[in-house]
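Colleague: Please take a close look at the disulfides of this structure. Which cysteines are joined, and where in the chain do they lie?

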Amino acid sequence: MRTLQTLFIVLCMSSFGFSGFAQTTAPVDQTTDQANISYSKGVKAMTEFQYNEAIALFDVAIKLKSDMASAYYYRAVCKCNLGLKAEACPDLKKASELGHYVEKVAIPCDCDAKDPQ
């Protein structure tokens with residue numbers, strides 16, 4: 001089972017960019033910087049199968065930057081891996097609304113979230 005989870009995470013990470021890591025030439029405000037730090041720590045925790053810790057870190061990132069689609073997406077991945085499928089679906093829907101591709105997680109989680117058109 002852990003092998004499938006590892007494969008799933010690797011596929012997700014290789015298929016989708018980490019928008020939270022994007023560099024810009026404009027100065028980054030402190031709130032965005034803190035959101036990106038929490039997001040990065042969340043991704044690290046997720047890859048180490050520390051899903052509850054990752055969810056808490058993605059919660060912080062989303063609270064600081066509510067339009068961070070990838071944080072919603074990866075929070076949903078963690079929730080789905082914990083068997084919290086009903087809780088994952090709203091995150092996948094929000095990630096989709098913000099432009100993130102979601103169907104690779106939505107389908108195994110039994111969510112009706114669709115990739116953005």
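Modeller: The following account treats the disulfides one after the other. This is a predicted model, in which local features need pLDDT of at least 70 and side-chain atom pairs count only at pLDDT 80 or more, while totals for chains, interfaces and linings use all residues. Residues are numbered from 1 along each chain as its sequence is written, and side-chain values use heavy atoms, with hydrogens and water left out.

The structure contains two disulfides, a disulfide being a pair of cysteine sulfur atoms within 2.5 Å. One of them is formed by cysteine 80 and cysteine 109, whose sulfur atoms are 1.8 Å apart. This pair links distant parts of the chain, 29 residues apart: cysteine 80 belongs to helix H4 (residues 69-81), and cysteine 109 to the segment after helix H6 (103-106). Helices here are DSSP runs of H or I with at least four residues, numbered from the N terminus.

Cysteine 80 counts as buried because its relative accessibility is 13%; buried means under 20% relative accessible area, exposed over 50%, and partly exposed in between, with a 1.4 Å probe and protein chains only. Cysteine 109 is likewise buried, with a relative accessible area of 1%.

The other disulfide joins cysteine 89 to cysteine 111, with an S to S distance of 1.9 Å. Here too distant parts of the chain are linked, 22 residues apart: cysteine 89 lies in helix H5 (residues 85-97) and cysteine 111 in the segment after H6. The link of cysteine 89 and cysteine 111 is left-handed, with -85° about the S-S bond. Both cysteine 89 and cysteine 111 are buried.

When the bonded cysteines are counted along the chain, the disulfides follow the pattern 1-3, 2-4.

Methods
Helices (H or I, at least four residues) and strands (E, at least two) are DSSP runs, numbered from the N terminus.
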